[in-house]
Amino acid sequence: MDSSDHKPGRVLPAAEASLSPSGRSRRNLFAAAAAGAAAVALGRAQAAAAEVDPKLLPPNVPPWSQALGKPVGVDPYGAPSPFERNIIRRISPGLTTTTQSSVAFTPLQNLFGIITPNGLHFERHHNGRPDIDPYAHRLIIHGLVRESKIYTMEDILRFPSVSRIHFIECGANSAMEWGNPAVPTVQYTHGMLGCAEWTGVPLSTLLDDVGFDRKKAKFILAEGADAAGLTRTIPIEFALDDVLLAYGQNGEMIRPEQGYPLRLLVPGVQGISSVKWLRRLKVGDQPWNTREESLQYSDLMPDGSSRQYTWIQEAKSVITSPSGGQHLLDKGGYYQITGLAWSGRGKVRRVDVSTDGGRNWRTAVLQEPILSKALTRFRLDWHWDGSPALLQSRCIDETGYVQPKMRQLREVRGTRSIYHNNAIQTWQIDAEGKVHNVQV
Ligand SMILES: Nc1nc2c(c(=O)[nH]1)N[C@H]1C(S)=C(S)[C@@H](COP(=O)(O)O)O[C@H]1N2
Ligand SMILES: [Mo]
């Protein structure tokens, strides 16, 4: 790091919502910062807004150092510190007409490393979230099989299990950005994205258990137990490769929002294929052409035709800090540029970062572990000289595929598409240090 002569710069975090849960308005946040209150590099809104009582600071002894603390076991299931109450999933006002068929976005700007905490994993439902009694839940496997079977959760938990770290990205992540920059922060531009350690049984194990027809089987239909009865076609190559029947999420039973007690996990493929609350798998020889793979989740091309079954989430990356809505307070300060990169085709090979809108690129440092079809954390040291800058990141995956510029993607896909926008994101830092979502 070459920052010995530069002080770490302070960042005022984005006011993610006009009114934060703690009741502070955006205006108050800025007012507090302007008044010279401590602003921290961590990007925590409440820290930036705090006006600290000098009685709490050294050499005084604060109250929490003078009294007996809470006993163990008062929080049998722990929760984040109340001071972190601004770090939450958020819905985009006006995006959907109901909150049952909608999405709540992951606060990527506030997360470290590559694992999404379970309470912050984005949630996307087509008909609301069912709360399912695991003892009453059943999975049927039928179709081109020797013997149809109905499994209980106890049955599934007895099969040999595996754990693997994979991302889930909704095919509609960044969908609002096709025409122009539409939303202010990375939570909304890229927050239909999560990454967890999933535990479960390889789908191939259960397909063997029912004796699927190896000659005729070409596709699997997966169906959810929500009232959407959501169904998706999965090619047999995927099914026999790395698809999981997952019941574990970061060490505990999968959360209701993520499909409790059982979901399909189709690594590298758009989120919709990872059917939650999984109740039925049918083995067949043709794709089913369901609602969610014809009317929805197909790609409208500039000539008016529709591209169907575009499964894979191609290589993509985004800088999570500095990012939209933040405010760099120190000209000449050191800022670590950091973000996430991923590819549905395997591992991330390299991430390049530009601070001048893509004219010059530097190679970012990739944090281990670098896993296939998982998020990869990248970092780069940077000094903000105080002049306007255009921050971009570009992911290159192990196949050699290079994440496209917005312009390149539009040349092929037009501007009226919804799904599979993996274009390079640009954050503009203006002369005052404010960070904006722009397209160049
Ligand atoms: N049964 C069912 N499965 C579902 C959905 C749904 O509405 N019902 N939504 C899908 C979509 S569109 C996405 S992007 C992912 C989101 O997974 P998550 O909510 O765990 O983040 O779940 C998929 N699986
Ligand atoms: Mo999705």
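This note goes through a predicted model point by point, from the whole protein down to single residues.

1. Overall make-up. The protein contains seven helices and 26 strands. Taken along the principal axes, the C-alpha atoms fill a box of roughly 75 × 60 × 40 Å. The radius of gyration is 23 Å, which agrees with the value near 22 Å that a compact globule of 440 residues would have.

2. Burial and contacts. Of the 440 residues in the protein, 41% are buried. When contacts with a separation of 6 or more are considered, 71% of them join residues that stand 24 or more positions apart.

3. Domains. The domain assignment divides the protein into domain 1 (11-59), domain 2 (118-307) and domain 3 (316-438). Between domain 2 and domain 3, the C-alpha centres lie 28 Å apart, and the contact takes 27 residues from domain 2 and 24 residues from domain 3. On the side of domain 2 that touches domain 3, at least two residues each are supplied by strand E7 (162-169), helix H4 (186-190) and strand E15 (299-300). The residues on that side of domain 2 divide into 16 nonpolar, nine polar and two charged.

4. The surroundings of ligand 1. How many residues surround ligand 1, and which are the closest? There are 21 of them, and the closest are His126, Cys170, Gly224, Gly271 and Lys276. Strand E4 (residues 123-125) gives the largest share of this shell, with three residues. By character, the shell around ligand 1 divides into eight nonpolar, eight polar and five charged residues.

5. An open sheet of five strands. A reader tracing the strands will find an open sheet in the order E21-E20-E24-E25-E26, with antiparallel pairing. Its edge strands are E21 (362-363) and E26 (435-438), each of which pairs on one side only.

6. Strand E24 and its partners. Why can strand E24 be described as largely enclosed by the rest of the structure? The description holds because seven of the nine residues of E24 are buried. Strand E20 (residues 348-354) pairs with E24 in the antiparallel sense over six bridges, and in this pairing valine 348 has aspartate 397 of E24 as its bridge partner. Strand E24 (residues 389-397) also pairs with strand E25 (residues 426-429), again in the antiparallel sense, over four bridges. Two places along that pairing can be named: leucine 390 stands opposite glutamine 428 in E25, and leucine 391 has tryptophan 427 of E25 as its bridge partner.

7. The hairpin of E25 and E26. Strands E25 and E26 run antiparallel and are joined by four bridges, with isoleucine 429 standing opposite valine 435 in E26. The hairpin that these strands form has five residues between the strands, and within the hairpin glycine 433 takes a positive phi near 90°.

8. Arginine 379. This residue lies in strand E23 (residues 376-383). Is arginine 379 to be counted as buried or partly exposed? Arginine 379 has 16 C-beta neighbours inside 10 Å, and therefore counts as partly exposed, since a buried residue would need 20 or more and an exposed one would have 12 or fewer. Leaving aside neighbours within four places in sequence, arginine 379 is in contact with Gln336, Ile337, Thr338, Ala364, Val365 and Gln367. Serine 321 is 58 residues away from arginine 379 along the chain, and the C-alpha atoms of the two are separated by 9.7 Å.

9. Isoleucine 140. Strand E5 (residues 138-143) holds isoleucine 140. This residue counts as partly exposed because isoleucine 140 has 15 C-beta neighbours inside 10 Å. Apart from neighbours within four places in sequence, isoleucine 140 is in contact with Ser148, Ile150, Arg279 and Arg280. Glutamine 270 and isoleucine 140, which are 130 residues apart in sequence, are 24 Å apart in space from C-alpha to C-alpha.

Conventions:
Residues are numbered from 1 along each chain as its sequence is written. Chains are lettered from A and ligands numbered from 1 in the order in which they are written. This is a predicted model: local features need pLDDT of at least 70, side-chain atom pairs count only at pLDDT 80 or more; totals for chains, interfaces and linings use all residues. Two strands pair if DSSP finds at least two bridges between them. A residue is near a molecule or strand if its C-beta atom, placed from the backbone, lies within 6 Å of it. Ala, Val, Leu, Ile, Met, Phe, Trp, Tyr, Cys and Pro count as nonpolar, Asp, Glu, Lys and Arg as charged, and the others, Gly among them, as polar. The radius of gyration is taken over C-alpha atoms; the globule rule is 2.2 Å times the number of residues to the power 0.38. Two residues are in contact if their C-beta atoms, placed from the backbone, lie within 7 Å. Domain bounds come from an automatic or database domain assignment.
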